[in-house]
Structures are given as C-alpha cells and as structure tokens.
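Here is a short round of questions for a computational chemist, on how values turn into labels. Have a look at the model first, and then we can reason through it together.

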Amino acid sequence: MRLGVLDVGSNTVHLLVVDAHPGARPLPAHSHKAELRLAQLLDGAGAIGSEGVEKLVSVVKDALQAAEDKGVEDLLPFATSAVREASNADDVLARVRAETGVELQVLSGAEEARLTFLAARRWFGWSAGKLLCLDIGGGSLEIAYGIDEEPDAAVSLPLGAGRLTAGWLPGDPPDPDDIRALRRHVRAQIARTVGEFARFGAPDHVVATSKTFKQLARLAGAARSAEGLYVQRELKRESLEAWVPRLAGMTTDQRAELPGVSEGRANQLLAGALVAEGAMDLFGVETVEICPWALREGVILRRLDHMGSAQGL
C-alpha cells in the first residue's frame, strides 16, 4: 500500500510518501516539504502565535492535497517538540483538526528517541551490536541506546538547533560571549544524561541522524546526497572541532555558501554543531556514522509492524 507520514517538526512540515508492505523495505515515492520554523515562532509566553497557526493550517492543507494527488491510502500525521511544548498546544491541535480534518498525534520526546532508534536499528541491522543513536532536530536532541529494537535508554533534551539559535545566538555573526554561554549550557544539559547511558557499557556502533548531522558530515568531506543512500558517510569529532570556530566567525549568508548547507538551515548550523560536538565529546565518541533513516521512517516501520501483527505475519 502507499503510506504517507506527515511530520510537523520544529523546522519543517514534511510529507513523505512510501510504497510499503509488512516485511519489506519502504520505498520512497514522493517528498513534499515546507519550511515553517515553528520553534522560532513562539511568543514570549511560549505560544504559537496566530500567524504561525495560520501558516501551519495552510501547509497541512497543501500536504493533504499532495497526499491525495499521490494516491496515499493511509496518512500518519504527527507533531514533535515545537507543538508539544507550545503553551497553547491544545488550541493549535484543535484548530488544525477543525480546518483540515487532520488529527495530529503529538509524540513525546522519549517516543521520538525510540522511533528514531528503531529506524537506525533496522537500517544497520543486528550486526551493529549495541547501538548509540544521536538525533538533533529543530527543537530537541534525542539520544537512545540499546542492543534490541526497543532501546534500553532513551531521552530527549531541549537542545534543538532552531530553539537554541533563537534563544541564545541573536547576532549575525553571533557574539563570542553568547557562543561560550551556549556551549556551557549545552554541555551541562548533556552531561546530566551521560550516567544514565554509561551503566550499559560502551556502544559497538554510534550513529547520527537528522539534517544537522548530515550537513556537518558534508562539510567534513562526506559524500553528497546525490551519490545515494548506500554510500557510507561519517563525521569525525576531530573534523567537527575544527569546523566549530570557523562557523562561529561566519554570517548566515556565508554559511549558506558552504557545500551541503541549505539556505534555510544556515542560521542554526552553529548551534547544531555545538550540540553535536558536545554530545560526541561527553559520550566519548570519535566517529559517528550517518544514518539515512530517522523519525519518519521509524513511524512507518512501526505502522508496518502493527499491520503485520494484524495479518498474523
């Protein structure tokens, strides 16, 4: 069947259409996305303003039309940290439901981490052994660890690249004092979680998902996305540490000219790099392998698993 997953994230609203059935690898058929940056549209009270809600409703309507055009039989709509943490989340969800008919499922941070981990586990397989998965979104950082498909530990921290940029780095280029303050904040937040994972022992394989990690890996010399999903891509901490001060001295326009960096993500790349560097350092990771699958694929895989169970497979 043709499935669609509608991801209302902190940076983008992304419709991914796949052809799938239980026991098979989901095959991408269509992608439709719009940059909304909900994480940066929160007002002083932590609410998504009326303009942001109107934009969200409009974008969801466009995604629904795209899903219909592509013959989607089953749509899986969900929202992550920007909606989850908005002080008017219930009102936003009700407005979307009333004007589009879409019932957004709001994922908890732990659910995000678990579903992303499932996608990474399926991609790399059992031979990867004990897996540590890192994911930097627009609103949060997810960390998960385990040897099975369900992680032994999964946490979500409010360290998304968009959130941190809006809250900590107002300058362009950012002020060095602001960068140092953000670096301290990021590392203090991550350090609180390290002990929870350390009791399980060292991972056999460390992987990273998300646009932020993909762009940082590209800067460090990884293959372009045009070369395909199956090319191995890595990011070494040594390379990342060399890039952080360079990114800190650049304006948004200058970062947008770097290879693999999209114009819409250029402003938050430094914050994302500080989070990636902090996580790799505090978890003692020298190299991460970039995983092409992430949360959206995890949602699809979970749905296929449920379908397979219902069919007695």
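Q: Why is Glu112 called buried?
A: In this predicted model, Glu112 has a relative accessible area of 6%. Buried means under 20%, so Glu112 earns the label. Glu112 is part of helix α4, and its C-alpha atom is separated by 8.8 Å from that of Gly298, a residue 186 positions away along the chain.

Q: What makes Arg122 and Glu149 a salt bridge?
A: The rule asks for a side-chain nitrogen of Lys or Arg within 4 Å of a carboxyl oxygen of Asp or Glu. For Arg122 and Glu149 the N to O distance is 2.5 Å, so the pair meets the cut-off. Arg122 sits in helix α4 and Glu149 in the loop between β7 and β8, so the bridge ties together parts that are 27 residues apart in sequence.

Q: Why do Arg122 and Glu149 count as partly exposed?
A: The label covers values between the buried limit of 20% and the exposed limit of 50%. Arg122 comes out at 29% and Glu149 at 26%, so both fall in that range.

Q: How do you know that Arg180 and Asp177 form a salt bridge, and where do they lie?
A: Their N to O distance is 2.2 Å, and the limit is 4 Å, so the pair counts. Both residues lie in helix α6, three residues apart, which is about one turn of the helix. With relative accessibilities of 45% for Arg180 and 47% for Asp177, each is partly exposed.

Q: What makes Glu277 and Arg187 a salt bridge?
A: The closest N and O atoms are 3.9 Å apart; the rule says within 4 Å, so the pair is included. The bridge links distant parts of the chain, with Glu277 in helix α10 and Arg187 in helix α6, 90 residues apart. Both residues are buried. Through shared partners, salt bridges join Arg187, Arg237, Glu241, Glu277, Asp281 and Glu286 into one network. By this rule the count comes to 21 salt bridges.

Q: Why is Asp172 called partly exposed?
A: Its relative accessibility is 48%, and exposed means over 50%, so Asp172 stays in the middle class. Asp172 belongs to the loop between α5 and α6. Together with Asp253, Glu257 and Glu263, Asp172 forms a negative surface patch.

Q: What makes the Asp172 to Pro173 peptide bond stand out?
A: The bond is cis, with omega near 5°. Most peptide bonds are trans. Pro173 is also placed in the loop between α5 and α6.

Q: What is notable about phi in Arg37 and Ser210?
A: Phi is near 55° in Arg37 and near 100° in Ser210, positive values in residues other than glycine. Most residues other than glycine have a negative phi. Arg37 lies in the loop between β3 and α1, and Ser210 in the loop between β9 and α7. At 26% relative accessible area Arg37 is partly exposed, whereas Ser210, at 11%, is buried.

Q: How do you know that the chain is as compact as a globular protein of its length?
A: The radius of gyration is 19 Å, close to the 20 Å that the globule rule gives for 313 residues, so the description fits. The chain has eleven helices and eleven strands, and 52% of its residues count as buried.

Terms used:
Residues numbered from 1 in each chain as written. Predicted model: local features only at pLDDT ≥ 70, side-chain atom pairs only at ≥ 80, totals over all residues. Heavy atoms only, no water. Patch = residues over 30% accessible without salt bridge, like charges linked within 9 Å, V, L, I, M, F, W, Y side chains within 5 Å. Areas by Shrake-Rupley, 256 points an atom, 1.4 Å probe, with all protein chains shown as cover. Lys, Arg positive; Asp, Glu negative; His and termini not counted. Charge placed at Lys NZ, Arg CZ, Asp CG, Glu CD. Helix = DSSP H or I, 4+ residues; strand = E, 2+ residues; numbered from the N terminus. Buried < 20%, exposed > 50% of the residue type's maximum accessible area, 1.4 Å probe, protein only. Rg over C-alpha atoms; globule rule 2.2 N^0.38 Å.
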